[in-house]
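Let's take a walk through this one together, stopping at a few spots worth opening in your viewer. Have the structure ready and follow along.

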Amino acid sequence: MRVNEIFYSLQGEGFLAGVPSVFTRLAGCPLRCKWCDTKYAWEQTSGQDYSIAQIVQTVQQWDCKFVVLTGGEPMINSDLPQLVQELKAADKHITIETAGIAFIPDLACDLMSISPKLSNSTPTDSELAAVHEDSRLDIAALRKLIDNYEYQLKFVVDSETDLSEIKQTLKEIGNVDLEKVMLMPQAATRYELLAKSPIVAEMCKQTGFAFSQRLQVLLWNNQKGR
Ligand code: SF4
């Protein structure tokens, strides 16, 4: 598998924020979101080849139960099921971070952390925007993911105006457990996070959705590998 990086840190986002975790970042993502904070992992070639055994061995150098498989977009990797199986055999708690653009059945995944992409993520370049708009939202895939896995749904919020699109997306998916929905400020820097957090906090109070922290931004200003 093409691996961009493996590192030990704290889960920064979602209901497990603050939990020490080993991150395995797989290379490759077709979406090219405007505000993506891991652009260095976009290309399929952006990393080194690892066998599944090498990934598991590298992950096990830390005495840590929690493993996060992220990207890029891990759900487009055909070797993902075997990697998940091997990590589960090593008794790991596995979170998969995904944009929800693809469904794979029967993964031994403990938490499917889904971040459906809103129009606020559309790239400004027209060619990239066309690809992005074509694939950023797959309602059928989202539906199957939430039907088949323990999940959380994290929406990246750029401004209050995103709320109607979030509600519309939830309506289209249907039957979402609203207690599993989180709003997360769009922020690449500490300054941006602190500026937007109060706005998102008010949106959470208004809707009842949970606020998702971004500890990797707050603590390390989005530094790679932290
Ligand atoms: S889906 Fe995630 S990894 Fe892919 S471009 Fe968007 S933010 Fe970046």
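## A walk from loop to core

Start at Asp 158, which sits in the loop that links β7 (151–157) to α5 (162–173). Keep in mind as you look around that this is a predicted model. Is Asp 158 buried or exposed? Neither label fits: its relative accessible area is 31%, and because the in-between range runs from 20% to 50%, Asp 158 counts as partly exposed.

Now see what surrounds that loop residue. Setting aside residues up to four places away in sequence, Asp 158 touches Asn 120, Gln 186 and Lys 196. With Gln 186 there is also a polar contact, side chain to side chain, at 3.1 Å. Ser 197 is a further reference point: it is 39 residues from Asp 158 in sequence, yet their C-alpha atoms are 10 Å apart in space.

From here, hop over to helix α6, which covers residues 190–207 and holds Leu 194. This leucine has a relative accessibility of 54%, so it is classed as exposed. Leu 194 has nonpolar company on the surface, too: together with Leu 218 and Leu 219 it makes up a patch with about 250 Å² of accessible area.

Next, go to strand β1 (residues 2–10), where you'll find Glu 5. Which way does this acidic residue go, buried or exposed? Its relative accessible area is 10%, and since the cut-off for buried is under 20%, Glu 5 is buried. Its side chain has polar partners: one contact goes to the side chain of Tyr 40 at 3.0 Å, and another reaches the side chain of Lys 224 at 3.3 Å. Tyr 40 and Lys 224 also turn up among the contacts of Glu 5 beyond four places in sequence, along with Phe 23, Thr 24, Arg 25 and Gly 225.

Finally, the nonpolar interior. The largest nonpolar core has 45 residues, and the members touching the most others are Ile 96, Leu 107 and Met 112. Pick Ile 96 and show its surroundings. Ignoring neighbours within four places in sequence, its contacts include Leu 69, Pro 74, Met 75, Leu 80 and Val 84. Further along the chain, Ile 96 also meets Leu 107, Cys 109, Leu 111, Met 112 and Ser 113. Apart from this core lies another one, made of seven residues, including Leu 31, Cys 33, Trp 42 and Ile 101.

Key: Residues numbered from 1 in each chain as written. Predicted model: local features only at pLDDT ≥ 70, side-chain atom pairs only at ≥ 80, totals over all residues. Heavy atoms only, no water. Core = buried A, V, L, I, M, F, W, Y, C linked by side-chain atoms within 4.5 Å. Buried < 20%, exposed > 50% of the residue type's maximum accessible area, 1.4 Å probe, protein only. Contact = heavy atoms within 4.5 Å. Patch = residues over 30% accessible without salt bridge, like charges linked within 9 Å, V, L, I, M, F, W, Y side chains within 5 Å. Areas by Shrake-Rupley, 256 points an atom, 1.4 Å probe, with all protein chains shown as cover. Salt bridge = Lys/Arg side-chain N within 4 Å of Asp/Glu carboxyl O. Helix = DSSP H or I, 4+ residues; strand = E, 2+ residues; numbered from the N terminus. Polar contact = N/O pair within 3.5 Å; in protein donor to acceptor, adjacent residues only side chain to side chain.
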